[in-house]
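Reader: I'm new to this one, so please pick a single topic, helix packing, and walk me through it closely. Feel free to add the surroundings at the end.

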Amino acid sequence: MGATSWGFKKSLWVFHLNAGACNNCDIEVLDCLTPRFDIERFGMKLVGSVKHADVLLVSGFVSRKVLPDVIETYEQAPKPVAVVALGACGCTGGIFRDGYNFAGPVDKVIPVDAYIPGCPPRPEAIIDGIVKLMGKL
Amino acid sequence: MSTIIPIGPFHPVLEEPEYIQLYVDGETVEKAEIDLGRIHRGMELLAQEKTFDQDVFLVERICGICSASHSWAASLAMEDIVGVGPTDRARYLRTIVHELERLHSHMLWVGLAGHILGYWTVFMWGWKYREPVLDALEMITGNRQNYAWYKAGGVRRDVADDIWPEVVKIIDEFDKNNDILIGAFLDDPVIHGRLKGVGVLTKEEAIHYGCLGPTARGSGVDIDVRRDHDYGAYSEVDWNVITQPEGDCMAVSVVRLLEMKEACKIIKQCIAKLPGGPIATEIREFPRGEGIGHIEAPRGESFHFIRSNGTNMPERHKMRAPTFLNIPSFRPRVKGETISDAVLIFAIIDPCYSCTERMAVLDPTGQSLMTGKDLIKLSHEKTEKLKREY
């Protein structure tokens, strides 16, 4: 086991990036932290800067205005970083994929390690996705 | 010489990407500029490319918190075009889901306000109390959020009668917890210290800026679409419009907390009075015409305008969310306050930027391409052109 995979074994710290989501996914992410789901049991928590994060959680369809910010955030993240595309918009563009302001989906912009589909994904699905990601890393 | 403090676009206390510049002198904020447009999704054009039935699903995704409000307003606009109303049962079912949404939205705001104040107990407890409301919504509509519940003419699915006792139990429990929260909120010296007298918006300013919803009601402006323009089942149940005269952050919070009590009252009365019968009026086709629908979303009045040209797709679908009018009230509120209060003042209107962003300007130089005057001139020219044509 190398140092990097050992680092991913426990306590993933997550930075949540809203790249043009409708709030639904973001609320469900916050919901994971609150008493019913309590994702901190697994040592996971949201951090304020991508420089502290192991996981970059991107929700939303990636608009043209937010595109440079998404790339810059990914570049600032200390590697290796696991990228998770959250929600139908993050995975495929969802209902907005025909829009003129659509520059995504996330995997066209930055490399993605895991997809959590759903509009919005339930908190159980988000936890399940991240736990599966831990197994993969 | 003022210094500029940037907040965002990706900041831990902000859920959505927006960029705020605070012009400060020492610790006092002189002015705030806000840069939006990161969540602009081209919603109005997409709406013109979808059928009326699909449109309701699209407007539901304008904002995750007001999904019932926008889809209800769009349904009302469509019913206005056809000239039919929903059935009695549909009116009551719609009202119940909409008020449940108000409960979860206001409780979410209380939690986020606690988060911004650094008061994590309020955040955790608020969101804990909010979960059963989502359970009730899931029981009624099948989804926690994005209910897919409204359609032109009524609602999409009927509800079995045996779930209502469970929903009433959840609401009673919520009401009890809300009372504890109101007591704690109104007695806590820390919350008083942080909210009382901070970010005052006077009644004149609220009217001048055209504020809506709890923001206006917290400044003593007595407006509520539910009472002023009757829709749903609101005229058949007993409830009050909550207003507070002070206009500071405390007053707006109190309005939200007390509105939750009123919402509980409305839901329980609606469940007791729920009539039987069909859940939707059948609408076969949409004639040529125009329709409007406006409803009181948790943040204020949501307005939808639809023009139909006789096909199965709308020719124009205009949406306006309450935050659009509430955002400019930052300016008088934040002037003269300290930096530590500024983020709270931005959150006090319960901003929903994804609702608001109907336009995006992409310009790398950062200079505005058109001023307000240019836009007004453009609109005048267009009106003149239309007048000549017709």
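Author: Let's begin with a bit of vocabulary: a crossing is left-handed if the near helix is turned anticlockwise from the far one by less than a right angle, and right-handed if clockwise. What you see is a predicted model, in which local features need pLDDT of at least 70 and side-chain atom pairs count only at pLDDT 80 or more, while totals for chains, interfaces and linings use all residues. Residues are numbered from 1 along each chain as its sequence is written, chains are lettered from A and ligands numbered from 1 in the order in which they are written, and side-chain values use heavy atoms, leaving out hydrogens and water.

Now look at H4(B), residues 88-117, and H11(B), residues 249-273 (helices are DSSP runs of H or I, at least four residues; strands are E runs of at least two, both numbered from the N terminus). Their axes come within 9 Å and cross at roughly 155 degrees (axes are lines fitted to C-alpha atoms, for helices over the stretch in contact, with angles from 0 to 180 degrees between N-to-C directions). H4(B) and H11(B) are therefore roughly antiparallel (over 145 degrees; under 35 is roughly parallel, 65 to 115 roughly perpendicular, the rest oblique). H4(B) passes H11(B) in a left-handed crossing.

Who touches whom? Residues including Tyr92(B), Leu103(B) and Trp109(B) in H4(B) meet a set in H11(B) with Arg256(B), Met260(B) and Ile267(B) among them (contact means heavy atoms within 4.5 Å). By class, this contact has 15 nonpolar, three polar and five charged residues (Ala, Val, Leu, Ile, Met, Phe, Trp, Tyr, Cys and Pro are nonpolar, Asp, Glu, Lys and Arg charged, the others, Gly among them, polar).

There's another pair to look at. H5(B), residues 120-141, packs on H6(B), residues 164-187, at about 160 degrees, with the axes 10 Å apart. That makes H5(B) roughly antiparallel to H6(B), and H5(B) passes H6(B) in a left-handed crossing too. Tyr129(B) and Val133(B) are among the H5(B) residues that meet H6(B), where the partners include Ile170(B) and Phe174(B). The contact of H5(B) with H6(B) divides into eleven nonpolar, one polar and one charged.

As for the surroundings, three strands of chain B form an open antiparallel sheet in the order S1-S2-S3 (strands pair if DSSP finds at least two bridges between them). Helix H14 of chain B, residues 339-347, lies across S1, S2 and S3, running at about 145 degrees to S2(B).
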